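Let's take a friendly walk through this model, looking at how some of its pieces fit together. Please have the structure open as you read.

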Amino acid sequence: MVRVVSVFSPAWWPALLFCGVLLLQGCSLLPKKESSEGKPVAGLVRSGDADSTPAKDDKDEKKADKRDAFTVDVRGPEAVRDYLTLHLEIQRYRELDDLGATEISRLMVAAEANARELLGTLGYFTPTLTLELNETPGSAKAPREIVITVAPGEPTKVSNVQISYAGAIADDTAAEAQRDSIRTGWALRAGLPFTQQAWDDAKTTALRSLTAKRFPTGNIEVSRAEVDADRSEARLSVTYQSGPAYKFGPLMLHGLQRYDPDGARRIARLPTGTDYDQQKLLDAQQRLASSGYYDSVFLTLDTESGNPLAAPVIAQLREAPLQKVVLGAGFTTDNGPRLSIDHIHNQVPLLGWRAVSRLSADNDVKSLGTEWNAIPNDNGWRWFTGAELKREEAGSYIVDSGRVRGGRNKSSDHIDRSYFLQYDYAQNRGTDAPPSASAVTANWGWTGRYFDNNAAPTRGYALALELGAGYTLSGQQTPFTRTYARWLGVVPLGSAEDTETRARRSRLQLRLEAGAVSAKDSAQIPSTLMFLTGGDTTVRGYSYKQIGTVRADGQTVSGRYLGVASVEWQRPFVYNNKLTEWESVVFVDAGAVADKPGELKPKVGVGVGARWRSPVGPVQADLAYGVDTKKFRLHLRLGFTF
């Protein structure tokens with residue numbers, strides 16, 4: 001390659017040219033004097049000036065005047081009419097203003113084939129279609145109109161379904177229940193209308209059932225839908241390839257820096273050596289995520305390791321900070337606005353326990369407490385201890401109380417257990433207030449939840465039991481026992497075969513609550529161990545802890561016996577034949593507190609309410625009327641807990 005360079009051009013010529021370009025660009029930045037003739041002065045607005053109205057853009061005017069090349073009018077039964085109107089390909093060409101008669105004719109031919117294909121996905125394989133082109137010069141929308149008249153014909157129905165298996169599941173006697181479950185759970189049964197969407201959904205649902213247990217690499221090997229258009233029948237067949245059966249192998253942790261790996265394994269409680277179960281994997285992931293030690297957790301089964309009988313589970317973790325402070329604000333109709341500050345320490349020096357301390361204040365309750373928890377052992381049991389100082393309005397008095405406790409607890413998928421020792425102290429403030437009291441108790445607690453969804457149940461039940469035995473430490477030392485039970489059941493009304501119909505069913509929510517403290521009449525038992533009721537989660541129509549034992553002077557104090565019952569009718573709201581996220585409720589609550597069982601006189605609250613299934617949990621709003629107080633009260637809550 002020969003390169004020629006001019007040696008006669010002075011070096012300053014390029015520099016001069018460059019400076020000239022800069023000078024011209026700089027001049028363009030100088031203020032320009034423009035002729036003001038026929039133009040308004042900048043910043044001056046004159047009333048009545050025609051020029052003060054901004055002129056329309058030519059493009060906007062053209063767009064406003066522009067008409068579509070044609071319109072499409074689909075006529076036929078509503079189900080197919082709306083579907084075709086939305087999905088026909090010819091709709092994409094309406095705005096082309098240079099289409100001639102020949103091009104529109106070709107589009108109409110393609111539209112007929114497209115309409116037949118779309119109708120086939122709905123199960124109509126023998127439709128009658130008529131396409132007409134009408135001139136509409138007087139229309140403001142378009143000069144032409146394409147009318148598509150549809151007679152869909154007989155819908156195709158499923159005549160036969162054949163489900164077969166390949167791979168390890170085919171001959172495995174241990175997988176017989178899983179094979180039967182897939183067959184009985186098949187959604188697109190014989191006799192039902194055939195549509196492409198229903199066919200795809202049925203295959204996908206069955207595949208999820210296959211891969212949820214033992215066979216995570218399962219797939220659809222062959223699927224076929226044979227349609228006899230003359231007889232309006234469809235014969236379906238699908239073969240599922242299971243792949244090998246997998247068992248849980250070791251838990252491989254990635255992302256750990258400061259927290260104990262063995263502690264993570266004990267929290268996860270992954271059942272190593274057992275058959276793969278997707279739900280067990282999700283449960284282990286949820287236990288790690290809710291432990292507070294990790295900001296993010298993601299568990300996956302390693303199916304590429306080459307050993308299905310001990311497939312590693314990969315845990316991708318991002319650790320939470322060692323310490324953090326959380327500020328909170330909230331509002332409840334029981335206690336009004338609330339402010340709180342939490343301090344979390346994930347590794348208390350020397351102990352290595354996790355400590356959560358909270359300072360909280362609202363209209364009626366001020367509290368300062370701390371809860372310390374150890375990492376669970378291999379059996380899931382963990383040590384815990386806690387302490388709390390509280391001031392609250394309970395009945396007619398202000399109660400200053402303190403509590404210290406310690407013991408062991410265990411949380412599993414459905415059941416929580418605990419046993420612990422507890423010290424309580426309570427001092428009532430006010431005129432003729434009950435005497436101060438203190439006591440020590442040994443306690444046992446058990447809670448079982450058996451809902452279909454613990455966050456927003458539509459059926460199922462839950463039960464909580466508490467048993468305590470102790471001695472009073474104030475006045476005469478006296479033994480006593482404390483028993484408390486709570487039950488909640490959600491019962492669907494009517495029967496339903498498919499999921500959509502089940503979701504539309506109304507439900508009854510039944511709630512029972514009972515408690516008893518057994519001791520001598522002279523025993524000075526801390527009021528925090530006895531009972532008061534009323535409020536958002538107990539007896540609606542009454543304020544927080546308003547219902548108690550009423551003394552001769554009219555003051556309300558805590559009592560030794562408690563009884564609460566509630567019936568709530570929940571009805572999903574359907575609009576335009578579509579299930580919404582809203583529900584309406586009608587309820588009756590009743591509750592009573594007394595020092596003797598024969599003196600229990602229930603106070604009743606009745607009302608109506610609404611529920612909204614929000615992304616963060618159910619929002620509950622109830623308007624209740626207290627029959628005893630003869631007043632209305634609004635109750636608002638977020639979330640569902642038991």
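## Helix contacts and a small sheet

In this predicted model, Val-80, Tyr-83, Leu-84 and His-87 of α3 touch Asn-114, Ala-115, Leu-118, Leu-119 and Thr-121 of α4. Sorted by character, the residues of this α3–α4 contact are six nonpolar and three polar, with no charged ones.

How do the two helices lie against each other? The axes of α3 and α4 are 10 Å apart, and the helices pack at an angle of about 125°. α3 is therefore oblique to α4. The crossing of α3 over α4 is right-handed.

Now to the strands. An open sheet is built from three strands, ordered β4-β6-β5, with mixed pairing. Both β4 and β5 are edge strands with a single partner strand each, so one side of each has no neighbour in the sheet. On average, and with direction ignored, neighbouring strands here are turned by 10° against each other.

β5 pairs with β6 in the antiparallel sense, through nine bridges. Within this part of the model, Asn-219 has Gln-241 in β6 as its bridge partner.

A helix joins the picture too: α7 (residues 196-211) lies across β5 and β6, and runs at about 25° to β6.

Here are the angles side by side for checking on screen:

| Elements | Angle |
|---|---|
| α3 and α4 | about 125° |
| α7 and β6 | about 25° |
| Neighbouring strands of the β4-β6-β5 sheet | 10° on average, direction ignored |

Notes: Residues are numbered from 1 along each chain as its sequence is written. This is a predicted model: local features need pLDDT of at least 70, side-chain atom pairs count only at pLDDT 80 or more; totals for chains, interfaces and linings use all residues. Side-chain values use heavy atoms; hydrogens and water are left out. Axes are lines fitted to C-alpha atoms, for helices over the stretch in contact, and angles run from 0 to 180 degrees between N-to-C directions. Helices (H or I, at least four residues) and strands (E, at least two) are DSSP runs, numbered from the N terminus. Angles under 35 degrees count as roughly parallel, over 145 as roughly antiparallel, 65 to 115 as roughly perpendicular and the rest as oblique. A crossing is left-handed if the near helix is turned anticlockwise from the far one by less than a right angle, and right-handed if clockwise. Contact means heavy atoms within 4.5 Å. Ala, Val, Leu, Ile, Met, Phe, Trp, Tyr, Cys and Pro count as nonpolar, Asp, Glu, Lys and Arg as charged, and the others, Gly among them, as polar. Two strands pair if DSSP finds at least two bridges between them.
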